[in-house]
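User: Could you take a close look at one part of this model for me, the metal site, and then work outwards from there? I'd like a connected story rather than a list.

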Amino acid sequence: MKITRITSHVLEYDLPETLGYSQQYYTKRSAHLVEVETNQGLTGWGECFGPGNIARANKGIVEGVIQPMVLGMDPMARDVIWHKVYNLMRDHGQKGMPMQALSGVDIALWDIAGKVTDQPIYKLLGGAHRTDVPVYGYGMMLRPEPVADLAARFIDEAAQIRDAGFTATKMKVGFGPKDDIRLAEAVRKGVGDDFRFMVDANHCYTTADAFTVGRALGDMDAYWFEEPVAPEDLNGYRELRERLNVNISGGEAEFGRWGWRAILENRGLDIAQPEVCALGGITEYQRVLALAHAHHTPVVNHVWGSAVAIATNLHLLAAMPPLPGGLHPWEPMLEFDTTHNAFRDKLLTKPLNIQQHVKNNNGRMPVPNGPGLGVDPDRSVIDHYKVA
Ligand code: CA
């Protein structure tokens, strides 16, 4: 079997409302799908992390840089392809967009491998340690409105997410310590005392401000404090982890085994959040997962994007070994964005219906069982939303 063509599909539409995180507000939803075709009629699907113009530029890397390197190669030789592409791109991008581009191609190769062998990806990875996965619903995105209004909105939104059946929830912060603590208190009030909530700063704080917010989150019994400081600040992560009474999480902005080795050896994370659609695809994710577990660091995947990215993560979460194991083991969770996302709800010929499963299945989502990713993107939906 040979790879005959690689095509990027950048999808985009206008969101019904402006949403934000600590770095920017945004008005569009986008997704970047990668399609790998073969001379035997089998097609694989993958996804690259990176919105908007990042996706448009990554399309250039996927089609213009990676495709010529791998045309004619056997798509089953995933690790050979991975290293050929990585080694040829090394001088131009060991992290960032080249790795995001490689990720989408690699995931599509795993989809093909599953279709060739008629097995779901989680079985190719060694089998299902769990056949369904707890789901946390994140919302409470920033909006361009006064903090008092946002706090009132967050109380209601947090209660809605809890009532929708999710096992936990997550909020954004980013207005500065005083306002952010007020918003976190609103979320705690909305969900009540016995419900797990997490706080995502998207690396907006100085270390001193992260201590201020982190101490308040510890008092509120928040479950984790995500990306409190810049991802480059490994020592800041370690100092926060040593002294705060809340789990420190992060890692979505790291790429590949070498970057992850530095993070893990520095002991700055209670919970690692690798992003499979950015760090190098499923092939590299497996190595990062092994590294994380070798450091006894639990993993909760970062998830962003379309139903293709979600399906990819469901397979990974199913195949993730328990750490350390037991009768009632610690479990990973599926990250689920509760805001408007047509590429999650409408992309597939047979939708995943995650919200319905969460509501009817005690907050858990079953893992797809079809060959490969087990999902089938609808061409007419792709054509409708395609902008590049
Ligand atoms: Ca995040």
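Analyst: Before the site itself, a word on what counts as a donor: an N, O or S atom within 3.2 Å when the metal is Ca, and since water is not among the atoms, sites may look incomplete. Keep in mind too that this is a predicted model.

With that settled, here's the site. Three residues coordinate the calcium ion, namely Asp 200 through OD, and Glu 226 and Glu 252 through OE, at 2.2 to 2.4 Å. Read along the chain, the donors follow the spacing D-x25-E-x25-E. Asp 200 belongs to strand E6 (residues 196-200), while Glu 252 sits in the loop between strand E8 (247-250) and helix H9 (256-265), so this pair ties together parts that are 52 residues apart in sequence. Asp 200 and Glu 252 are both buried.

Now for the strands that carry these residues. Strand E7 (residues 224-226) holds Phe 225, and Tyr 205 lies in the loop between E6 and helix H7 (207-219), so these two tie together parts 20 residues apart in sequence. Their ring centres are 6.0 Å apart with the planes at 55°, so the pair counts as tilted. How accessible is Phe 225? Its relative accessibility is 0%, so Phe 225 is buried. Tyr 205 is buried as well, with a relative accessible area of 7%.

Next comes a charge over a ring. Arg 196 places its charged end over the ring of Tyr 223, 3.6 Å from the centre. There's another such arrangement elsewhere, where Lys 170 lies over the face of Tyr 138 at 5.2 Å from the ring centre.

Following the chain past H9, you reach Asp 270, in the loop between H9 and strand E9 (271-272). Asp 270 is buried, at 18% relative accessible area. What does the side chain of Asp 270 make a polar contact with? The partner is the side chain of Arg 241, at 2.9 Å. Setting aside neighbours within four places in sequence, the contacts of Asp 270 include Val 246, Asn 247 and Ile 248, along with Thr 297 and Pro 298. For Thr 297, the C-alpha atom is 6.3 Å from that of Asp 270, although the two residues are 27 apart along the chain.

Back to the rings for a moment. The structure has 11 aromatic pairs. One of them is Tyr 21 with Tyr 26, whose centres are 6.3 Å apart and whose planes meet at 55°, so it's a tilted pair. Tyr 21 is partly exposed at 23% relative accessibility, whereas Tyr 26 is buried at 19%. Tyr 13, Phe 343 and Tyr 385 make up one aromatic cluster.

Last, the cysteines. With a cut-off of 2.5 Å between sulfur atoms, the number of disulfides is 0. Take Cys 48, which is in no disulfide: the nearest cysteine sulfur is that of Cys 277, 7.6 Å away. From the Cys 277 side, the closest cysteine sulfur is the one in Cys 48, and 7.6 Å is too far for a bond. Cys 48 is buried at 0% relative accessible area, and Cys 277 is buried too, at 1%.

How values were computed
Residues are numbered from 1 along each chain as its sequence is written. This is a predicted model: local features need pLDDT of at least 70, side-chain atom pairs count only at pLDDT 80 or more; totals for chains, interfaces and linings use all residues. Side-chain values use heavy atoms; hydrogens and water are left out. Donors are N, O and S atoms within 2.8 Å of the metal (3.2 Å for Na, K and Ca); water is not among the atoms, so sites may look incomplete. Helices (H or I, at least four residues) and strands (E, at least two) are DSSP runs, numbered from the N terminus. Buried means under 20% relative accessible area, exposed over 50%, partly exposed in between (1.4 Å probe, protein chains only). Rings of Phe, Tyr and Trp (its six-membered ring) pair if their centres lie within 6.5 Å; planes under 30 degrees apart count as stacked, over 60 as edge-to-face and the rest as tilted. A charge sits over a ring if NZ of Lys or CZ of Arg is within 6 Å of the ring centre and within 35 degrees of the ring normal. Contact means heavy atoms within 4.5 Å. A polar contact is a pair of N or O atoms within 3.5 Å; within protein, one must be able to donate a hydrogen and the other to accept it, and residues adjacent in sequence count only if both atoms are side-chain atoms.
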